[in-house]
Amino acid sequence: MQEIGLIGLSVMGVNLALNMADHGVKVSIFNRTVSVIDEVMEKYDHPNFRATYSIEELVKSLSRPRKIMMMVKAGQPVDMLIEQLLPYLEAGDILIDGGNSFFKDTIRREKYLSEKNIFYLGVGVSGGEEGARRGPAIMPGGNRTAYQAVEQIFENISAKAYDEPCCRYIGEDGSGHYVKMVHNGIEYADMQLISEIYMILKEIGGLSNDELQQVFAGWNQNELESYLIEITADIFKVKDGDGYLVDKILDKASQKGTGKWTNLEAIDLGVDISVITSAVNARYMSNLKSERVKVSEMLDAPAKTLTITKEELVELARHSLYVAKIVCYAQGFKLLDKAQEVYNWTLNFDEIARIFRGGCIIRAKFLNDIAAALTMEKGVQNLIMAHFFRNIINQHLPKLREIMTLAVQSGIAVPAMSAALAYIDTYRTADSGANLIQAQRDYFGAHTFERTDQEGSFHYDWTGINE
Ligand code: NBP
C-alpha cells in the first residue's frame, strides 16, 4: 500500500511528490486532467510513485488511515475535490490542503469534515517550485493528533535551517494557512522595499546595473543576507542583447491575492500593517502604466540631487532597508498576535520565525535574530520593543530619515519605506494628535471623549462656543 496520496500535479504538486518520493515515501499521484499523470510518470518514472487514474483508485491505493494531500488551485476546486473524495473516505482519514487557501475557508472545511470524523489539515507551503522540490517551509494547521501522522514526512521533506526542519505545527484549524498568508504579505512588503531602494540607488545615485549587482551581492554578506537580496543581485547579472533584461521588463507587477487578503484581514482586526498595505497599493499603481506615462508629462518632477557620495548613499540605503525590513516583519508578527486572540489559537512566534529561516521566499539571516529576540523576550508586545531591534532602530533611524529626505526632494516614490518610518514615528509618539480627533468627533457627533486629568466619559457643548 502507498503511504500518501497527492492530488494536483501542477508545479507545486509534482515537485512535492518528487520530494516525498526521494525521501522514501510511497506516493500515489492523481490529477484531474489524467493525461498529466502519464506525462509525470514518463518524465520522472520514480520507483516510489504509483499512478492512479480516478479518485477511487487513489483512495483505495492508500494504507489506513489514508493521508491525502491536495495541491490544487485555491478556492472552489478545493471544495469540489473534497466532495469528490468524501464518498471514499472513512473516519480517521486525513485530508491535507497544501495550497494557498484562504484561512476562513480552511476553518469552515475543517469544521465540516470533523463532523464526519475526517481530519482536515490546512498546511501552508512556501518556496515555489524549487522549494517544493528541494525543501519548502511548511506551516501545518489543524488537529494536532492527526498532524502527528504526517509530521515525519513533512519534517523530512522540509527545508532545514541550522539543521532544524523549517516545519513546525502551528495550531488549530486555519492557523497554518493564516501564517502562510502573513508570510506572503511580508514577502510583498520585502520586495517593494527592495524595489524602492533600487530606484533610489538608480535614479538618485546613478548606479549602473553592474554596480547594483555588486551592491546587492555585498549586502547578501551582511545583516541583509536573504533569498530576496540574493536573487536581486542575480537579476542584475542577466544581459539581453545589447542591454540588461531587467531594463526591458515592463514595470507592471502582478499579484495572486494573498497580499490583499493580509490587508483585508488586518483592517478587520484593526492592526496597522502599513508597509504591507503600501506594497499592495504600489502593485495596483504599477498597473496604471499608461496613466503614469501620461501624468509623467503633466506634472513636473524635481531635479534629482545627490548631496553625498555614491558610497555614502549605498550605506544609507543599506541601513535604511534594514530598519524598514524590521518594521515590516514587526507588523506581520503584530497581526499574528492579534489573530491568535481573535481566532483562539496559541501561536508560538519564535517557532514561526524559525520556520521562516529556510525554504520560503522571506528567508533571511535576521530571522535568527527575530527568533532569538522572541525567545528571550517572550510576550514582548512588538518586535520593535525587543532590545536587539530597538538598539538597531535607534542606531540607524537617522539614516532612514536622511534617505527619505533625499527621496522626497528628488520625487522618488517610496511608499513602503515612508510607511515604515511613519509607523516608527507613530509608535514612539507618547502624545499623538488623536485628542483633536476626539474633540472633532465629540463636536459633530457627541461621541464623547476621555480626559487625561479625570476618569470617565465626557461630552462638551461645542456648538455653544460661538454664541
Ligand atoms: P495551480 O494553482 O496552478 O493549480 C493547478 C492544479 O489544480 C492542477 O493540477 C489542476 O488540475 C488542479 N485543479 C484545478 Br485548476 N481545478 C481543479 C478541480 N476542480 N479539481 C481538481 N483539480 C483541480 O497549481 P500550483 O501552482 O502547483 O499551486 C498549487 C497550490 O499551491 C495552489 O493553491 C497555489 O496557490 C499554492 N502555491 C503555489 C506556489 C507556486 O509558487 N506556484 C507556491 C506556494 C503555494 P488540471 O491539470 O486538471 O487543470
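Colleague: How many Å lie between an oxygen atom of the ligand and an N or O atom in the side chain of Asn 31?

Modeller: This is a predicted model, in which local features need pLDDT of at least 70, side-chain atom pairs count only at pLDDT 80 or more, and totals for chains, interfaces and linings use all residues. Residues are numbered from 1 along each chain as its sequence is written, and side-chain values use heavy atoms, leaving out hydrogens and water. With Asn 31, whose side chain supplies the N or O atom, the ligand oxygen has a distance of 2.8 Å.

Colleague: What percentage of the ligand's area does the protein bury?

Modeller: Backbone atoms also approach the ligand: a polar one of Met 12 is 2.8 Å from a ligand oxygen, and a polar one of Asn 100 is 3.0 Å from a ligand oxygen. Taken alone, the ligand exposes 910 Å² (Shrake-Rupley method, 1.4 Å probe). Of that area, the protein buries 79%.

Colleague: Which are the edge strands of the sheet?

Modeller: Seven strands (DSSP runs of E, at least two residues, numbered from the N terminus) form an open, mixed sheet in the order 3-2-1-4-5-6-7. Two strands pair if DSSP finds at least two bridges between them. Pairing on one side only marks the edge strands, strand 3 (49-51) and strand 7 (137-141).

Colleague: Which residue of strand 3 stands opposite Ser 28?

Modeller: Strand 2 (residues 27-30) and strand 3 pair in the parallel sense, over three bridges. Opposite Ser 28, in strand 3, stands Arg 50.

Notes: Helix = DSSP H or I, 4+ residues; strand = E, 2+ residues; numbered from the N terminus. Polar contact = N/O pair within 3.5 Å; in protein donor to acceptor, adjacent residues only side chain to side chain.
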